[in-house]
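Reader: Hey, got a minute to walk me through this one? I'd like to start with the ligand and then look at the strands.
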Amino acid sequence: MRIVIGQGSCGIAAGAEKVRKALLNTGIDPALISITGCIGMCYLEPIVDIYDDSDNLTRLVKVSEADAEAIKSYVENGDSAAIEKLIVSDEDSEFLNKQTRIALRNCGIINPEKIEAYIEKGGYTALKSCLTEKTPEDVIEIIKTSGLAGRGGAGFPTWFKWNAARQSAGDDKYLICNADEGDPGAFMDRAVIESDPHNLIEGMLIGAYAIGAKHAVVYVRAEYPLAIKRLTNAIKQAKEQGIIGENIFGTDFSCDFMIKAGAGAFVCGEETALIESLEGHRGMPRLKPPFPAQSGFWRKPSNINNVETFANVAWIVNNGGEAFAAMGTEGSKGTKVFAVTGKVKRSGLVEIPMGKTLRDVIFDIGGGMKTDKPFKAVQMGGPSGGCIPASLIDTVIDYKALGATGAIMGSGGMVVMDESTCMVGMAKFFLDFTAKESCGKCIHCRIGTKRMLEMLDRITKGEGKEGDIELLEELCYSIKDGALCGLGQTAPNPVLTTIKYFRDEYEAHINEKKCPAGECSDLIEYSIDADACRGCTLCARNCPVEAISGSVKQPHVINTDKCIKCGKCYSVCKFGAVKKA
Amino acid sequence: MEKQKVDLSLLDGVLTEYASVKGSLITILQHTQDIYGYLPKEAIELISEKTGIATSEIMGVGTFYTQFRFEPVGKYLIMLCQGTACHVNSSELILQTIKDELHIEDGQTTEDGLFSLKCVACLGCCSLSPVMMINDDTYGSLTPDKTKKILKELREAAV
Ligand SMILES: Cc1cc2nc3c(=O)[nH]c(=O)nc-3n(C[C@H](O)[C@H](O)[C@H](O)COP(=O)(O)O)c2cc1C
Ligand code: FES
């Protein structure tokens, strides 16, 4: 019998550590209790997995401290009635059963704080076979066969980059992992590092061997303290076992390993800005060429890949490039991890083979909307990506097919929106982000994003003018042309895609001064439906400006002159009597 | 909030370890902020002296990254997520609630020095959105009521 508690960041935020302490307090044999990383069913946290002696799993979800005694009585006396209400439903189990997990294969299964757990699952055998049986060229060939493309956003073939760095002159080379994960709404990389750090280390060491690097560096975002802690611990363990350091596995391959924490700048996800930041400077992108493969960290040949890219490598070496390439489409091979969030019912990590559709992810696996409002759009690729409308829900997950919509595959953020999200507001949200995060080097990006933000702000306030949409489009194209790095070149995408698919919404804001989604506070008005109002006074008590009047058990009214449209009455009303239009 | 006198000897360890390692400026600033809660002017001057990096350059780096602060923060640092997933799940409402409860804006500290508010983009717990982090604890699935309750509990715990 084993009791395993999911302790990724999400699990801990939902109370997993309190549950673990409560379980320990019940007097259950502490040796039975261990932890694992992110299971990926974040919407059901905290999760407690109980394995019996034949390793059959009973999964308990939304566990609280109060359930500790019930769990004890199940574990010690087999009292299954005690935990019945906690057992995961068949429907929820489907969330995992419908996935194909390669990058996430150990996540939520093994203990991320123990190297033995990773080794028991066949960990580090791929590295060993590379170092002892394969030449670096063989390794690059395997990756080429697999068709693995970069998971950080651009989807560039991994073998090509490795080969370029290998071919580059000089023997002081760096292999860098981009764990900056700047797309707000994406957390795949965090989950991999927190849940299976050795998989990342193994993938990186294989990459270092392939390109001939002696130094491996991980650049992690500062907002991920748990990931930094677990990775630091994993590096220490790997060093102790001789897996990092001099003469790894007794071969003449040596590689050291270092973590650098970012300091909060989205642009540092861009590879040349990342290198500037690693060197201790402001993260301003460099002109390319020279590419990092020729001149990167400390002007030495460097190769940068994303966390998820590396997380696939050991599996590919062990199973062969063909096995990976057997999954997916013509142009996109293997699997991809998505962080599915927003208004979706089952929110968490989904890894599926390329070639599935957005519908498969959002409806079949994600369970559709959690609200009673219909699906409106999904935002992919974060600030560099775009919004894909409901009419394109059958788009295939493939670099080319997604690119054709105007969005991108991106790093895997998938934010699902329903009819209550204003698309002009969404464009404004992203422009606010990119305007703040622009490093300021290029005028088009620095000033252009600001001007676009001002225009979007005007439009959402009902001050839009005829010609604004055209002007926005013009600005979009000039920013794309004038920006040096990917941040500026892609910043207009959220605006362009929302104009492309939701032009009527822009027009409603500009021409009729209406927000069809009912989100832009300047364009809506609240009123109380006298028939539905029971006169409970809750709204009046919550109104910060005393704009609501009425006696107990009598319909209330809102004084629209006083109303500041904060929406409190709307959110507190238990009878749906407050209307917004 | 009253600034306390800065004890520069606390920086000895960090500077001995990193001052002569090239490319370590950000790491040094991070440790400095861990020690003092912000980057005091005196500390920046000392770092400049020991590393040979001009104070103007240190300020350039410090102001570039959102992690760094130049003013002390309250006992509780509220980092409220305004990332995409949180935005779609009404984090704006939580921001409004915190502002109403504490009478501070983003980047400010309450007069009693108890709470500071900082809006950030994504804490990586998007499935529990809207999310905030207070010091080292993460709070998810926030509602205005839940937020008020958390603030109240912290305020009571502090006295
Ligand atoms: C503004 C900007 C932000 C980026 N952020 C990230 C990021 O957070 N993580 C990442 O892996 N790649 C990011 N990238 C892409 C990287 O520049 C680079 O292409 C990638 O790390 C290469 O790894 P891959 O080939 O394995 O995808 C970003 C690019 C731009 C332009
Ligand atoms: S968007 Fe708020 S935690 Fe990710």
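Author: Sure, here are the ground rules, followed by the ligand, the domains and the strands.
Author: This is a predicted model, where local features need pLDDT of at least 70, side-chain atom pairs count only at pLDDT 80 or more, and totals for chains, interfaces and linings use all residues. Residues are numbered from 1 along each chain as written, chains are lettered from A and ligands numbered from 1 in the order written, and side-chain values use heavy atoms, with hydrogens and water left out.

Reader: Cool. How many residues surround ligand 1?
Author: There are 18 around ligand 1, and the closest are A:Gly152, A:Lys161, A:Asn305, A:Asn306 and A:Thr309. A residue counts if one of its heavy atoms lies within 4 Å.

Reader: And what's the mix, nonpolar, polar, charged?
Author: Three nonpolar, nine polar and six charged. Ala, Val, Leu, Ile, Met, Phe, Trp, Tyr, Cys and Pro count as nonpolar, Asp, Glu, Lys and Arg as charged, and the others, Gly among them, as polar.

Reader: Which strand gives the largest share of that shell?
Author: Strand 8 of chain A, with three residues. Strand 8 (302-306) and helix 21 (486-490) of chain A each supply at least two. Those are DSSP runs numbered from the N terminus: helices are H or I with at least four residues, strands are E with at least two.

Reader: Which side chain has an N or O atom 2.7 Å from a ligand 1 oxygen?
Author: That's A:Thr309. On the backbone side, A:Glu181 has an N or O atom 3.1 Å from a ligand oxygen, and a polar backbone atom of A:Arg151 is 3.3 Å from one. As for cover, the protein takes 89% of the 610 Å² of accessible area that ligand 1 has on its own (Shrake-Rupley, 1.4 Å probe).

Reader: Switching topic: how far apart are the centres of domains 1 and 4 of chain A?
Author: 46 Å, taken over C-alpha atoms. Domain 1 is 2-97 and domain 4 is 423-512, with bounds from an automatic or database assignment.

Reader: Now chain B. What's the strand order in its open sheet?
Author: 2-1-3-4, with mixed pairing; strands pair if DSSP finds at least two bridges between them.

Reader: Why is one side of strand 2 left without a neighbour?
Author: Strand 2 (115-120) and strand 4 (137-139) of chain B stand at the edges with a single partner strand each, so one side of each has no neighbour in the sheet.

Reader: And how do strands 3 and 4 of chain B run, parallel or antiparallel?
Author: Antiparallel, joined by three bridges, and B:Met133 stands opposite B:Thr138.

Key: Polar contact = N/O pair within 3.5 Å; in protein donor to acceptor, adjacent residues only side chain to side chain.
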